[in-house]
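Please look through the sequence and the structure shown below before reading on. The report that follows takes up a few parts of the fold in turn and then turns to the chain as a whole.

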Amino acid sequence: MKIIGAGFGRTGTLSIKLALEELGFGPCYHMKTALTRPWHIPFWLKAERKRPGQWKRFFRKYNATVDWPACEFYMALMKTFPEAKVILTVRDPESWYESSRKTIYRIQTYFPWWFPRLFVKMQEKLIWQGRFKGRFEDRAFAIQNYMDHIESVKSNVPPEKLLVYDVRQGWEPLCNFLDVAVPQKPFPHLHDTNTYLNYIRKVKIWMALAGITAFSAILLILLYLFL
């Protein structure tokens with residue numbers, strides 16, 4: 001592990017994931033990684049229960065991590081990978097809250113009953129009940145929690161190992177921090193709020209179609225067996 005991301009989701013974490021991979025620090029772990037690998041979820045639930053994780057084994061195929069769930073364990077990761085650098089992605093607190101409320105907080109309502117419940121459980125226990133104590137809808141509380149986390153990271157990470165970074169700054173501060181050349185291509189900017197909502201709508205449609213297909217297949221099998 002070379003890079004530990006300590007910033008919350010909706011602070012440009014998907015953009016920096018792709019940027020780090022472009023700079024040679026991939027693969028980079030992200031919440032979307034966990035979404036596509038449901039067998040990872042028990043590991044994170046165990047970590048949430050304060051049971052020591054086998055971090056080196058879990059991250060053996062990754063050189064970086066950003067976003068939830070790993071950002072909640074940045075201190076444990078620092079102890080496990082003492083040579084790693086830490087990147088704290090940030091954005092304006094008000095815009096962070098609005099973006100989170102409209103996207104990752106709402107996404108729970110899109111998952112039908114047959115969607116893997118462990119993923120929903122991980123988000124609920126680690127983020128909404130864990131990090132935000134069941135009070136994310138309390139705007140002032142959630143924003144203060146976000147700001148407190150930023151100050152906590154600044155206090156816990158040695159300054160020479162920490163980059164406090166807004167993805168709108170582009171390549172230069174990131175490349176200077178990592179001591180690599182600046183790529184001759186635009187910095188990736190992905191998953192703004194509207195793009196994310198469009199993505200969720202597509203996921204919802206796909207889930208509905210998959211559910212209809214599965215139900216139809218079961219119905220056809222039953223008709224074949226009993227008619």
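## Helices H1 and H9

In this predicted model, helix H1, which covers residues 13-22, packs with helix H9, residues 171-178, at an angle of about 50°, and their axes lie 12 Å apart. An angle of 35 to 65 degrees falls outside the ranges for roughly parallel and roughly perpendicular, and H1 and H9 are therefore oblique to each other. The crossing in which H1 passes H9 is right-handed.

On the side of H1, the residues that take part are Ile16, Ala19, Leu20 and Glu22, and they meet Trp171, Leu174 and Leu178 of H9. Sorted by character, the residues of this contact are six nonpolar, no polar and one charged.

## The surroundings of H1

How many of the 10 residues of H1 are buried? Seven of them are, so the helix is largely enclosed by the rest of the structure. The buried residues in H1 are Thr13, Leu14, Ser15, Ile16, Lys17, Ala19 and Leu20, and of these Ile16, Ala19 and Leu20 also belong to the contact with H9. Just after the end of H1, Gly24 takes a positive phi of about 95°.

## Ile3 in strand S1

Strand S1 spans residues 3-5, and Ile3 lies in it. Because buried means under 20% relative accessible area, Ile3 counts as buried with its relative accessibility of 1%.

Although Ile3 and Asn63 are 60 residues apart along the chain, their C-alpha atoms are separated by 6.6 Å. When neighbours within four places in sequence are left aside, the residues in contact with Ile3 are Leu20, Phe25, Asn63, Ala64, Thr65, Ala84, Lys85, Ile87 and Leu178. Two of these names have appeared before, since Leu20 of H1 and Leu178 of H9 are also listed where those two helices meet.

## Helices H3 and H7

A second pair of helices is H3 and H7, whose axes come within 10 Å and cross at roughly 25°. With angles under 35 degrees counted as roughly parallel, H3 and H7 are therefore roughly parallel to each other. Here H3 passes H7 in a left-handed crossing.

The residues of H3 that take part are Ile41, Pro42, Trp44, Leu45 and Glu48, while H7 brings Leu118, Phe119, Lys121, Met122, Lys125 and Leu126 to meet them. The contact of H3 with H7 is made up of eight nonpolar, no polar and three charged residues.

## The nonpolar cores

In soluble globular proteins, nonpolar side chains tend to be buried together. The largest nonpolar core of this model has 45 residues, and the members that touch the most others are Trp44, Trp55, Phe59, Trp68 and Phe132. At least two residues of this core come from each of helix H2 (31-35), helix H3 (41-48), helix H4 (55-58), helix H5 (74-80), strand S4 (85-89), helix H6 (93-102), helix H7 (117-131) and helix H8 (139-156). Apart from this core lies another one of 19 residues, which include Ile16, Ala64, Tyr165 and Phe187.

Which residues are in contact with Phe59, once its neighbours within four places in sequence are left aside? They are Met1, Tyr29, Trp44, Thr65, Ala70, Leu77 and Phe81, and Trp44 is also among the residues that touch the most other members of the largest core.

## Backbone features in the loops

Most residues other than glycine have a negative phi, and most peptide bonds are trans. Two peptide bonds in the model are worth finding against that background: the one from Gly26 to Pro27 is cis, with omega near -5°, and a cis bond also joins Trp68 and Pro69, where omega is about 0°. Pro27 sits in the loop between H1 and strand S2 (28-29), whereas Pro69 sits in the loop between strand S3 (64-65) and H5.

Positive phi values appear in Arg10, at near 70°, and in Asp67, at about 75°, although neither is a glycine. Arg10 is found in the loop between S1 and H1 and is buried, with a relative accessible area of 9%. Asp67 is found in the loop between S3 and H5 and is also buried, with a relative accessible area of 6%.

## The chain as a whole

The chain contains 10 helices and five strands, and 45% of its 227 residues are buried. Among the contacts between residues at least 6 apart in sequence, 75% join residues that are at least 24 apart.

Methods: Residues are numbered from 1 along each chain as its sequence is written. This is a predicted model: local features need pLDDT of at least 70, side-chain atom pairs count only at pLDDT 80 or more; totals for chains, interfaces and linings use all residues. Side-chain values use heavy atoms; hydrogens and water are left out. A nonpolar core is a set of buried Ala, Val, Leu, Ile, Met, Phe, Trp, Tyr and Cys residues joined through side-chain atoms within 4.5 Å. Buried means under 20% relative accessible area, exposed over 50%, partly exposed in between (1.4 Å probe, protein chains only). Helices (H or I, at least four residues) and strands (E, at least two) are DSSP runs, numbered from the N terminus. Contact means heavy atoms within 4.5 Å. Axes are lines fitted to C-alpha atoms, for helices over the stretch in contact, and angles run from 0 to 180 degrees between N-to-C directions. Angles under 35 degrees count as roughly parallel, over 145 as roughly antiparallel, 65 to 115 as roughly perpendicular and the rest as oblique. A crossing is left-handed if the near helix is turned anticlockwise from the far one by less than a right angle, and right-handed if clockwise. Ala, Val, Leu, Ile, Met, Phe, Trp, Tyr, Cys and Pro count as nonpolar, Asp, Glu, Lys and Arg as charged, and the others, Gly among them, as polar.
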